[in-house]
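The following exercises concern salt bridges, a surface patch and a helix. Each task is followed by a solution in steps.

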Amino acid sequence: MLKSKSKSPSEKPIAAAKSGLQETEDLRQSKELFQAAFFRHLQLSLGKDKYSASQYDRYLAVAFAVRDKLIERWIQTQHAYYRQDVKRIYYLSMEFLMGRTLGNAILNLGMDEIVEQALYDLSLDMEEICDMELEAGLGNGGLGRLAACFLDSMATLQLPAYGYGIRYDYGMFHQTIKGGFQQEHPDNWLRQTNPWEISRPEYTATIKFKGRVVSRKTGNGNVDFEWVDTEDVLACPYDTPIPGYGNNTVNTLRLWSAKSADEFGLHYFNSGDYLEASKDIALAESISKVLYPNDSSMNGKELRLKQQYFLCAATLNDIIRRHKKSHKDCSHLADKVSLQLNDTHPTIAIPEMMRILVDLEGFSWEQAWEITTRIFAYTNHTLLPEALEKWSVDLLGRLLPRHLQIIFEINYRFLKTVSWKYPGDIEHLKRMSLIEEGEHRSVRMAYLAIVGSHSVNGVAQLHTDLLESLVVKDFYDLTPGKFNNKTNGITPRRWLKKANRPLSALISEAIGDDWVKDFSQIRKLEPFAADASFVKRWQDIKLDNKKILAQYVGHHKDLDLNPYTLFDVQIKRIHEYKRQTLNVLHIIHLYNEIKAGRTQGMVPRTFIFGGKAAPGYFIAKLCIKLVNAVADVVNADPDTRDLLKVVFLEDYRVSLAEKIFPASDLSEQISTAGKEASGTGNMKFAINGALTIGTLDGANIEIREEVGAENFFLFGLTAEQVMARRAAGYNPLEYIDKDPRLMAVMELFRTNYFSPEDPSLFNPLVDSLIFKDEYMLMADFGEYVASQQKVSELYRNYDEWTRKAILNVARMGKFSSDRTIEEYNRDIWQANPVAIELDAASLRQPN
């Protein structure tokens, strides 16, 4: 039988009652049609009935019924793009961290009430059904989540756009905590049926690797190049629909899966050599096996480069194929295609486009370069030198010999341009060359992306300023016109309307629903910060959200959280520059204060951490252990029980973030100034009513400008001060010696207070702080503690805290990804929106 809901009708009123809606005749008919589609898919798509169906079967039936509503729109969207011969936007990214699809699709289709009531009548709970979906962890954090937000905004703005990525068999690892340490486990997200993807085998592409290049002189004196004797792999596409909010646009995310071009070695198998029989298949399919394989070995480096080229080659093949459906050649390709590189990873697409245009399409070098540079645009996402990718010339030559030739030619022609600008300046040529000379020559991929693109953008104003003035200053000086800023944004649909339904309902009640599609309208909320009854309702919603998170923690961690404490939250990728360790040092300081009896004015706090460390990043993994070691001490000490609690939430992911952001009071955005390109977690916290404590780094600067300095807890060195201190000979011991609070904190490490069973456990981390402190935690500690004291002072006046929280939300309109995408399109892509029209009667037909 269908599983009964966990809550009785008296405990959980139906959706119509909760939203105050009357069940109209249209609603009743829509509900019945959806129920009919649900049972049809349960029987005909899954071969089950209401007695044999599992909960996952029910999820699939719901997903298929919702997908039915997308399919017609999806087909009509593509028809319109072809019919109008539109300019298309292609977004290339190695990561797409989409989160769960069902709830987002229901929201964007405007089917919330229909689906919730239809399932309620079947004794099913929509939230429980949505929780059955396996998340595709095809991203490492902000980069992949930004790509997902951008796809949502492109569809909502009715832009003809496509996302292209890799369908990794195993995404970002599942994280568990054992003995305080991170443990990694495979993320086999495809182990069950994925109802959202549709295989498109007819568009399979052949991708070449290795081999050799043969050159032949033509009759007109030119030279033709042919790439021969290659090892081939098949790229098989899988499409996922991306619906816009409140319109009929459904765009496409196409992910490529690697398959062997060779047949199964039956003769080996029959002779008993089972491993040899499938060796070629395993090698080919390894390309799309794992997100970001460890590249510490040469095999790992080769696999990463293979992944990048696999994505780019398959995508460009697809773009050319689609273009030639409507055009006889590629002469006008740049008028119909705009291709955005999401960070440096897909840069190999630039020489690949040149190879296609010169070797296969017969364009001259000059014609091909003009087309290529008009098509490509590059988004840089990092200021960290190690993230500005370089590939060994030897590796590139072995794996992609023709592309290395093309890169050399691009560099030769580019350096001629540089020499005209700076005649006789050898140092300029060395600094700007795409080839880094030395014992092991390498290709500077970020430089190649800049040279081969007509637009280069940073993702926050500070980030862009540092790119132009420091990181790639020579390139900015040469071509300042191609550099621009596009401050990141997030979709308010997933991160407020979906993640925080009670708060979004309160906002809509106050100012209407226009903010969902035009987030600048959220400014209308500002006067309500002075409305005492509104403030009280806001506080009630925040408390309920904290209780929900506390219930989750109690279930998964067997730890009781007090929802009446200040929830102080830092959830993000674990990295030294993000300074989770600084947060821990403050916690230890508070612990010392409590143990010394200095608790006057102290606000009870719950510190919540979450995030994954790269498997090979030793110090980051040690930081996770430190958080858990401090948590073990603090949470077990009766002196701190009512004032301090620490928890690390394992396996941070989109669905968990949707629980954490609405429950947060304080957002920790404490990276070293000048290191964070932008950040988007800061935006997700802020639109859910958390106040920010942070440095002048990334988008923090612009958030503070928008919400007001008086509503932001600022501390720390500026980016300029960080560079100046470093240049002057920064010594962290000076800060420890002159601050007794910091000295007391470090003393607990010296006495192995948090690791008595393993005295040397934290030595590498502590030594890095005392003797190097690359990210200047010691320098910022004093101001951080002082700013945290201001947090406590304000939180004691909770009405004033809430008023500031409301103003934060009201002033966050700039940080919608819709605004970001509008700027990309206005300044870079210049594609026309396409309104998708459907026959109203067809939308009422059962699917």
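Helices are DSSP runs of H or I with at least four residues, numbered from the N terminus. The model examined here is predicted.

**Exercise 1.** Determine where D477 and K473 lie and how exposed they are.

Solution. Step 1: D477 forms a salt bridge with K473, with 2.8 Å between the closest N and O atoms. Step 2: both residues belong to helix α19 (residues 473–478), where they are four residues apart, about one turn of the helix. Step 3: an α-helix has 3.6 residues a turn, so residues three or four places apart point the same way. Step 4: D477 has 30% relative accessibility and therefore counts as partly exposed; K473, at 38%, also counts as partly exposed.

**Exercise 2.** Establish which elements are tied together by the salt bridge of D318 and R254, and whether each residue is buried or exposed.

Solution. Step 1: the closest N and O atoms of D318 and R254 are 2.7 Å apart. Step 2: D318 lies in helix α10 (residues 298–323) and R254 in strand β10, so the pair ties together parts that are 64 residues apart in sequence. Step 3: buried means under 20% relative accessible area. Step 4: D318, at 0% relative accessibility, is therefore buried, and R254, at 4%, is buried as well.

**Exercise 3.** Locate E509 and R537 in the chain and assign their exposure.

Solution. Step 1: a salt bridge joins the side chains of E509 and R537 (2.8 Å, N to O). Step 2: E509 is in helix α21 (residues 501–511) and R537 in helix α22 (residues 532–557), so that distant parts of the chain, 28 residues apart, are linked. Step 3: E509 is exposed, with a relative accessible area of 54%, whereas R537 is partly exposed at 37% relative accessibility. Step 4: elsewhere, salt bridges that share partners join R200, D239, R254, D318, R321 and R322 into one network.

**Exercise 4.** Place E263 in its surroundings on the surface.

Solution. Step 1: E263 is in the loop between β10 (250–260) and α8 (266–270). Step 2: its relative accessibility of 74% means that E263 counts as exposed. Step 3: E263 gathers with E231, D232, D262 and D280 in a surface patch of negative charge.

**Exercise 5.** Compare the span of helix α23 with the expected value and describe its burial.

Solution. Step 1: helix α23 (residues 580–595) has 16 residues and reaches 23 Å from its first C-alpha to its last, close to the 22 Å expected at 1.5 Å a residue. Step 2: 15 of the 16 residues of α23 are buried, so the helix is largely enclosed by the rest of the structure. Step 3: just after α23, G597 adopts a positive phi of about 80 degrees.

How values were computed. Residues are numbered from 1 along each chain as its sequence is written. This is a predicted model: local features need pLDDT of at least 70, side-chain atom pairs count only at pLDDT 80 or more; totals for chains, interfaces and linings use all residues. Side-chain values use heavy atoms; hydrogens and water are left out. Patches are made of residues with over 30% relative accessible area and no salt bridge: like charges are joined within 9 Å, nonpolar side chains (Val, Leu, Ile, Met, Phe, Trp, Tyr) within 5 Å. Accessible areas come from the Shrake-Rupley method with a 1.4 Å probe; for residues, only the protein chains shown count as cover. A salt bridge is a side-chain nitrogen of Lys or Arg within 4 Å of a carboxyl oxygen of Asp or Glu. Lys and Arg count as positive and Asp and Glu as negative; His and the chain ends are not counted. The place of a charge is taken as NZ of Lys, CZ of Arg, CG of Asp or CD of Glu. Helices (H or I, at least four residues) and strands (E, at least two) are DSSP runs, numbered from the N terminus. Buried means under 20% relative accessible area, exposed over 50%, partly exposed in between (1.4 Å probe, protein chains only). The expected span of a helix is 1.5 Å times one less than its number of residues.
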